[in-house]
Amino acid sequence: MRHRSEPSQRKPEPDSPEGHTMYEYEIQQLRAAELIRQAENERMAREIVRGRRAARREAARREAEGEVHTGRPRRHRFPRTA
């Protein structure tokens, strides 16, 4: 038998609105914000990698522009004499 001084220890159902405390809501909000920050950091990292790759390609292209280079093997203008 329960004494009158003891409060009722009824637990709310997990699916009821009473079951979700403010604490749980705050944890969910913090987790969502952390996932958003993490996604943004990953996007920035990919963008940096793309930028570096493009800069390397551009530098290689500029370096190759200075050289006169065709894909053909070099052929002498006059044949060798015997």
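Is Glu58 buried, exposed or partly exposed? In this predicted model, Glu58 counts as partly exposed, at 30% relative accessibility. The value falls in the intermediate class because buried means under 20% and exposed means over 50%.

Glu58 is a useful place to start on the charged pairs. Side chains of opposite charge can pair when their charged atoms come close. Glu58 forms a salt bridge with Arg61, where the closest N and O atoms are 2.4 Å apart. The two residues sit 3 residues apart in helix α1, a separation of about one helical turn. Arg61 is itself partly exposed, with a relative accessible area of 42%.

The side chain of Glu58 also meets that of Arg62 in a salt bridge, with an N to O distance of 3.5 Å. Here the spacing is 4 residues, again about one turn of the helix, and both partners lie in helix α1. Through shared partners, the salt bridges join Glu58, Arg61 and Arg62 into one network.

Another pair belongs to the same helix, α1, which spans residues 22-66. There, Arg37 and Glu34 are 3 residues apart, about one turn of the helix. Their side chains meet in a salt bridge at 2.9 Å, N to O. Both ends of this bridge are partly exposed: Arg37 has a relative accessible area of 46%, and Glu34 has 36% relative accessibility.

The structure holds 4 salt bridges, among them Arg37 with Glu34, Arg61 with Glu58, and Glu58 with Arg62.

How values were computed: Residues are numbered from 1 along each chain as its sequence is written. This is a predicted model: local features need pLDDT of at least 70, side-chain atom pairs count only at pLDDT 80 or more; totals for chains, interfaces and linings use all residues. Side-chain values use heavy atoms; hydrogens and water are left out. Buried means under 20% relative accessible area, exposed over 50%, partly exposed in between (1.4 Å probe, protein chains only).
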